[in-house]
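Subject: Structure handover

Hello,

Please find the structure we talked about below. My notes follow it, for you to use as you see fit.

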Amino acid sequence: MDTTEGLTIRPFEAGDRAAVIALWRACGLVVAHNDPETDIDRAAGRANSDVLVGVTADGRVAASVMVGHDGHRGWLYYVAVAADARGRGHGRAIVAAAEA
């Protein structure tokens, strides 16, 4: 767990599901051919992937990133910051956590 820029970054927990999907939808990241529920199930807590969330002091999921590694390359998916939380460095913080 990392706390940066007023945001606590940690791995996805089951109770985050609805908030994460709502964030992805609000950021325009959900498309018809990729079911967000299935994407979370494929990535969260797996050996070569995970979903990280950035949580504000009041407990709101304000940022996310899905990370994966295929053995050769690392990938970032669903990089999102809530519209009302932008401009505070949350995007940089969640990407830095994904890189780590």
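The notes start with the conventions, go on to the whole chain, and end with single residues.

This is a predicted model, in which local features need pLDDT of at least 70, side-chain atom pairs count only at pLDDT 80 or more, and totals for chains, interfaces and linings use all residues. Residues are numbered from 1 along each chain as its sequence is written, and side-chain values use heavy atoms, with hydrogens and water left out.

Whole chain

The protein chain has five strands and three helices, arranged along the sequence as β-β-α-α-β-β-β-α. Helices (H or I, at least four residues) and strands (E, at least two) are DSSP runs, numbered from the N terminus. The radius of gyration is 12 Å, which agrees with the value near 13 Å for a compact globule of 100 residues. That radius is taken over C-alpha atoms, and the globule rule is 2.2 Å times the number of residues to the power 0.38. Along the principal axes, the C-alpha atoms fill a box of roughly 30 × 30 × 20 Å.

Of the 100 residues, 40% are buried; buried means under 20% relative accessible area, exposed over 50%, and partly exposed in between (1.4 Å probe, protein chains only). The chain exposes about 5,700 Å², and carbon and sulfur atoms supply 51% of that area. These areas come from the Shrake-Rupley method with a 1.4 Å probe; for residues, only the protein chains shown count as cover.

Taking contacts between residues at least 6 apart in sequence, 50% join residues at least 24 apart. Contact means heavy atoms within 4.5 Å. On charges, there are 13 negative and 10 positive side chains, and the centres of the two sets lie 4 Å apart. Lys and Arg count as positive and Asp and Glu as negative, without His and the chain ends; each charge is placed at NZ of Lys, CZ of Arg, CG of Asp or CD of Glu.

The aromatic pair

The structure holds one aromatic pair. Trp 24 and Tyr 78 form it, stacked, at 3.6 Å centre to centre and with 10 degrees between the planes. The pair links distant parts of the chain, with Trp 24 in helix 1 (residues 17-26) and Tyr 78 in strand 5 (residues 74-81), 54 residues apart. Rings of Phe, Tyr and Trp (its six-membered ring) pair if their centres lie within 6.5 Å; planes under 30 degrees apart count as stacked, over 60 as edge-to-face and the rest as tilted.

Both partners are covered: Trp 24 is buried at a relative accessible area of 0%, and Tyr 78 is buried at 11%. The backbone of Tyr 78 has a phi near 50 degrees, a positive value in a residue other than glycine. Most residues other than glycine have a negative phi.

Other residues

Val 20 is also in helix 1 and counts as buried because its relative accessibility is 0%. Not counting residues up to four places away in sequence, Val 20 touches Phe 12, Ile 40, Val 53 and Val 61.

Asp 16 sits in the loop between strand 2 (7-11) and helix 1. With a relative accessible area of 7%, Asp 16 is buried. Leaving aside neighbours within four places in sequence, its contacts are Arg 10, Pro 11, Val 53 and Val 61.

Val 51 belongs to strand 3 (residues 49-56) and is buried at 0% relative accessibility. Leaving aside neighbours within four places in sequence, its contacts include Trp 24, Phe 12, Ala 43 and Met 66. The C-alpha atoms of Val 51 and Met 66 are separated by 4.3 Å, with their positions 15 residues apart along the chain.

Is Val 79, in strand 5, what one would call buried, exposed or partly exposed? At 38% relative accessibility, Val 79 counts as partly exposed. Val 79 is found in strand 5, and touches Leu 29, Ser 64, Val 65, Ile 94 and Val 95, not counting residues up to four places away in sequence.

His 90 is in helix 3 (residues 90-99) and counts as buried at 3% relative accessibility. The C-alpha atoms of His 90 and Thr 56 are separated by 9.9 Å, and the two residues are 34 apart along the chain.

Regards
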